[in-house]
Amino acid sequence: MEQTLLFTEAGFDISMEKPIGTDALDLLKHTSIGGNGTVYGHLDTEEHVKNLVNPTMISLRKNGSLLGMGVFCNLQVMVNQNPFNCFYVRYFSASPEIRGK
């Protein structure tokens, strides 16, 4: 795994990681989306992650334990025959320990 530390403070580390690890897949599988009313979760997460275009994960860890993450995909799009380098957020997840904080 390629991991670049971006910031650290009080035992918390923010890093850029490639590829998306098994702990991140576990977090995504157990993430519920929504609050009051309809709540849903991602299906076939492992298969979808395998097919992401150039994903980069930004992780929040405390003592090595994954607390939160965002996955950003980078691709080039064409608009009127002009190429643009674009990023989009594919996943954003927080563990129960920090959710809502």
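This section describes the sheet, the helix packing and the nonpolar core of a predicted model.

The sheet is open and consists of 5 strands in the order β1-β2-β3-β4-β5, with antiparallel pairing. The edge positions are taken by β1 (2-9) and β5 (82-94); each has a single partner strand, so one side of each is left without a neighbour in the sheet. From one strand to the next, the twist averages 20°. Strand β1 and strand β2 (residues 12-18) run antiparallel and are joined by 7 bridges. Among the bridge partners, Glu9 is matched with Phe12 in β2.

Helix α1 lies across β3 (55-62), β4 and β5, and runs at about 90° to β4.

The largest nonpolar core contains 13 residues, of which Ile20, Val49, Leu52, Met57, Met69, Val71 and Tyr91 touch the most other members. Two or more residues of this core come from each of α1 (22-29) and β4 (65-79). In soluble globular proteins, nonpolar side chains tend to be buried together.

Residues up to four places away in sequence aside, Tyr91 is in contact with Leu28, His42, Thr45, His48, Val49, Leu52, Met69, Gly70 and Val71. One of these contacts, Thr45, belongs to helix α2 (residues 45-50). The relative accessible area of Thr45 is 4%, and the residue is therefore classed as buried, the cut-off being under 20%. With the same sequence neighbours not counted, that is, those up to four places away, Thr45 touches Leu25, Leu28, Lys29 and Tyr91. Leu28 thus appears in the contact lists of both Tyr91 and Thr45.

Notes. Residues numbered from 1 in each chain as written. Predicted model: local features only at pLDDT ≥ 70, side-chain atom pairs only at ≥ 80, totals over all residues. Heavy atoms only, no water. Core = buried A, V, L, I, M, F, W, Y, C linked by side-chain atoms within 4.5 Å. Buried < 20%, exposed > 50% of the residue type's maximum accessible area, 1.4 Å probe, protein only. Helix = DSSP H or I, 4+ residues; strand = E, 2+ residues; numbered from the N terminus. Contact = heavy atoms within 4.5 Å. Pairing = 2+ DSSP bridges. Axes fitted to C-alpha atoms, helices over the stretch in contact; angles between N-to-C directions.
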